[in-house]
Amino acid sequence: MQNSGDKPEGISRRDMLGRLLGAGCTACLGALTTACPGGSDWGKPHKLAEGDAEQLEFSTADVPLNAVLPISVGGQAGFLVHMEQDGAEQWLALENKCTHKKSKIDFLQDEGYFKCPLHKSEYNMDGTLRERENGKGWPAKQPLKQWPVEVRGSRVVIIAS
Ligand code: FES
């Protein structure tokens, strides 16, 4: 095609690229807002309860025994833990922040404890530090921070301090 100096027919390469990227972004957004076909909410922080910015409520059915649910409390990442300790059911809300250098930590589902990916400190499900096999301490010296939790019938309420 010769360029006669007239305005070319159709759209320019730049316009076409912009349109394609725009369409791609729209498709991506659509994919992101569509529910995960697997149906898993793992890793998705729960929103603060409506009407009370400092309180979170969950159904006791949301977290089976010996399970951990990622949550967000007042903008802080955390975990709602449902566990058995000394023969009694316990509900704990732990901050997802290593007490060494404040790294986020991971819950190792199969092993049943938390581990910091940065310097490898390990925490029990109740947020206390695990015993280390070599007898030395972990870089972290303090247990995970906890928020108060109240069980009210079939509801678990976390109270941000
Ligand atoms: S930040 Fe977690 S062990 Fe150092």
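This is a short walk through the strands, the core and one loop residue of the structure above.

Keep in mind that we are looking at a predicted model. I'll start with the overall make-up. The protein chain has one helix and 10 strands. Read along the sequence, the helix comes before the strands, in the pattern α-β-β-β-β-β-β-β-β-β-β. Buried residues account for 18% of the 161 residues in the protein chain. Now contacts. Take those between residues at least 6 apart in sequence: 37% of them join residues at least 24 apart.

Next, the hairpins. Begin with strand 2 and strand 3. They pair in the antiparallel sense, over seven bridges. One pair to find on screen is Ala-67, whose bridge partner in strand 3 is His-82. Two residues separate the two strands, and the whole unit is a hairpin. Look at Gly-74 in that turn: it has a positive phi of about 55°.

Strand 3 then pairs with strand 4. Again this is antiparallel, here over eight bridges. Val-81 stands opposite Leu-92 of strand 4. These two strands also form a hairpin, with two residues between them. Which residue in this turn has a positive phi? Asp-86, at about 55°.

Now move towards the end of the chain. Strand 9, residues 149-152, pairs with strand 10 in the antiparallel sense, and four bridges hold the count. Arg-152 has Arg-155 as its bridge partner in strand 10. Strand 9 and strand 10 make a hairpin too, with two residues between them. Gly-153, in the turn, has a positive phi of about 65°.

On to the core. The largest nonpolar core has 24 residues. Which of them touch the most other members? Phe-79, Leu-80, Val-81 and Ala-93. Several strands feed this core. Strand 1 (55-59), strand 2 (67-73), strand 3 (76-85), strand 4 (88-95) and strand 10 (155-159) each supply at least two residues. Strand 2 gives the most, with four. As background, nonpolar side chains tend to be buried together in soluble globular proteins.

Stay with Ala-93 for a moment. Set aside residues up to four places away in sequence. Ala-93 then touches Val-73, Gly-78, Leu-80, Gln-146, Trp-147, Val-149 and Ile-158.

There is also an open sheet of three strands. Its order is 5-6-7, and the pairing is antiparallel. Why is one side of strand 5 and of strand 7 left without a neighbour in the sheet? Strand 5 (106-108) and strand 7 (122-123) stand at the edges, and each has a single partner strand, so one side of each goes unpaired in the sheet. Strand 6, residues 113-115, is joined to strand 7 by two bridges, and the two run antiparallel. In one of the pairs, Lys-115 has Glu-122 as its bridge partner in strand 7.

Last stop: Lys-141. Where is it? Lys-141 sits in the loop between strand 7 and strand 8 (146-147). Buried or exposed? Lys-141 has 10 other C-beta atoms within 10 Å. The cut-off for exposed is 12 or fewer, so Lys-141 counts as exposed. Now check its distance to Ser-121. The two are 20 residues apart in sequence, and 9.0 Å apart in space, C-alpha to C-alpha.

That's the tour. Questions are welcome.

Technical notes. Residues are numbered from 1 along each chain as its sequence is written. This is a predicted model: local features need pLDDT of at least 70, side-chain atom pairs count only at pLDDT 80 or more; totals for chains, interfaces and linings use all residues. Two strands pair if DSSP finds at least two bridges between them. A nonpolar core is a set of buried Ala, Val, Leu, Ile, Met, Phe, Trp, Tyr and Cys residues joined through C-beta atoms within 7 Å. A residue is buried if 20 or more other C-beta atoms lie within 10 Å of its own, exposed if 12 or fewer, and partly exposed in between; C-beta atoms are placed from the backbone. Two residues are in contact if their C-beta atoms, placed from the backbone, lie within 7 Å.
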